[in-house]
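Me: I should like to learn how to read a structure that is new to me. May we begin with the helices and then turn to the ligand?

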Amino acid sequence: MFLVVAAFVFTSANAQKFDQLAKTPPMGWNSWNKFGCNVSETLIMQMADEMVSNGMKDAGYDYIVIDDCWQIDRDENGEIVPDKERFPHGMKYVADYVHSLGLKFGIYSSAGAVTCQRRPGGFGHEYQDARTYARYGVDYLKYDWCGSTTQNAQSSYTNMRNALFTAGRPIVFSICEWGSSKPWEWAGEVGHLWRTTGDISDNWNSMIDIFNKQRELARYAGPGGWNDPDMLEVGNGGMTNEEYKTHFSLWCMLASPLMAGNDLQKMTPENREILLNKELIAIDQDSLGRQATCYRDNGDYQIWVKTLSNNEKAICLLNSSDEKKSVLVDFALLAQIRSFGRRFGGFPPAGGPGGAPGAPGAAVPGGAQGGAGRPASAGLPAAQGAQGVSARTPGAGGMPAGGPGGQPRMAPLTLDNFRVRDLWEHKDLTLKETSMYVDMPPHSVKVYRFIRK
Ligand code: GLA
């Protein structure tokens, strides 16, 4: 008995999160946005089948996650009891089926005494539930914050992390605390993704409002730990196709988890074109794991930059206004941008490799901010921008070292270094001049990848 207790104390004292998981943002499907409590083993198995046959699995989606309402009670031993009408064969059966398709299986609970739908939560049963999930064959746990009262979020989630670690099965831990206790400041040690806001709804205002709240969080995201602006609504019917393209593009720019939330059996060709846009998915899944930062903000017209591996980058132009816009885009200027999102406050000292001075969530310097009153243009402040960028951007991404004082100096990037690809048109731009006018419908984006020649 003593040995068992000692082993347990020792293991949980040394508990950590499983650190080889979620090296890129998790991708998959979750039941909540479309089906709410209307889940069953038939539905989950159908969605898993569909994810294989419609190409999503090949595109990288691999988690099938059952959200709230699979559980209904606890038995006399405190063991969680699945809803037998909806899951007559139990959860391991569903997990085994999902695994047999080469997919991974996720489940949901809450850190409080009850879930958001008032099903039994995990409070007081953390180690027991973690063992149960391991036995089911769970690969991903979404852990909500409903039913919590005076609990401390960081210690509650750390407790569950320790329980999962002790149970021994590697499980992606998805913290769903809605951003209330600024989980980005502590969750990097605890989970693999953490919700940053309340729930998304299937409309433009909800989506863009959540997007706007991600702006200062870029430095907390990176391989193994991601800001989670909530699951996708693509295909659920409340936004236009243009808006869904914007939603998906912005989520990819943010290196967000990509959890589809629609009925996979009722996908239109337009939904497919979005969720299966492999060039956009590659932006999301880039191995460097940087979240985009805002390079320029004119209010309803913005430019966002996501640094990619191999000194490449994605640039997203966003027209969030209700008006059509024609914007002058200076691709020569965009070619020069470097950005500096780093995770967990782990910025190198100012001026060091990859270090932008004063960098939290840093937009790249370059004098391109504050263009209010000017025509919407990425081109006008080019001279300032160019100067600012090259003068203040030592060292990102492994370029040759050797600047003054031993600090690495970057070779300036120019348009000659890149071809520029439009990731919705799926073609390279043929630029007659380095600037051109780009027409942008209301609520739309353009996403370009600057690909090294
Ligand atoms: C909360 C979460 C949602 C969903 C529901 C389920 O609202 O934030 O994502 O899991 O609970 O009840």
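Reply: Let us begin with a pair of helices in this predicted model. Helix α6, residues 126-136, packs with helix α7, residues 153-167, at an angle of about 45°, and their axes are 8 Å apart.

Me: Why are an angle and a distance given for such a pair?

Reply: Two packed helices are described by the angle between their axes and by the distance between those axes. In this case α6 and α7 are therefore oblique to each other. The crossing in which α6 passes α7 is right-handed.

Me: At what angle do helix α8 and helix α9 pack?

Reply: Helix α8 (residues 204-212) and helix α9 (residues 241-253) pack at about 20°, with their axes 11 Å apart. Angles under 35 degrees count as roughly parallel, and α8 and α9 are therefore roughly parallel to each other. Their crossing is left-handed.

Me: Which residues surround the ligand?

Reply: Among them are Trp-32, Asp-67, Tyr-108, Cys-116, Lys-142, Asp-144, Cys-176, Arg-195 and Asp-199. By class, the shell around the ligand has six charged, five nonpolar and one polar residues.

Me: Which polar side-chain atom lies 2.8 Å from an oxygen atom of the ligand?

Reply: That atom belongs to Asp-68. A polar side-chain atom of Gln-117 lies 3.2 Å from a ligand oxygen atom. For Trp-178, an N or O atom of the side chain is 3.1 Å from an oxygen atom of the ligand.

Me: How much of the ligand does the protein bury?

Reply: Taken alone, the ligand exposes 310 Å², and the protein buries 94% of that.

Methods: Residues numbered from 1 in each chain as written. Predicted model: local features only at pLDDT ≥ 70, side-chain atom pairs only at ≥ 80, totals over all residues. Heavy atoms only, no water. Near = heavy atom within 4 Å. Polar contact = N/O pair within 3.5 Å; in protein donor to acceptor, adjacent residues only side chain to side chain. Areas by Shrake-Rupley, 256 points an atom, 1.4 Å probe, with all protein chains shown as cover. Nonpolar A, V, L, I, M, F, W, Y, C, P; charged D, E, K, R; others polar. Axes fitted to C-alpha atoms, helices over the stretch in contact; angles between N-to-C directions. Helix = DSSP H or I, 4+ residues; strand = E, 2+ residues; numbered from the N terminus. Parallel < 35°, antiparallel > 145°, perpendicular 65-115°, else oblique. Left-handed = near helix turned anticlockwise from the far one by under 90°.
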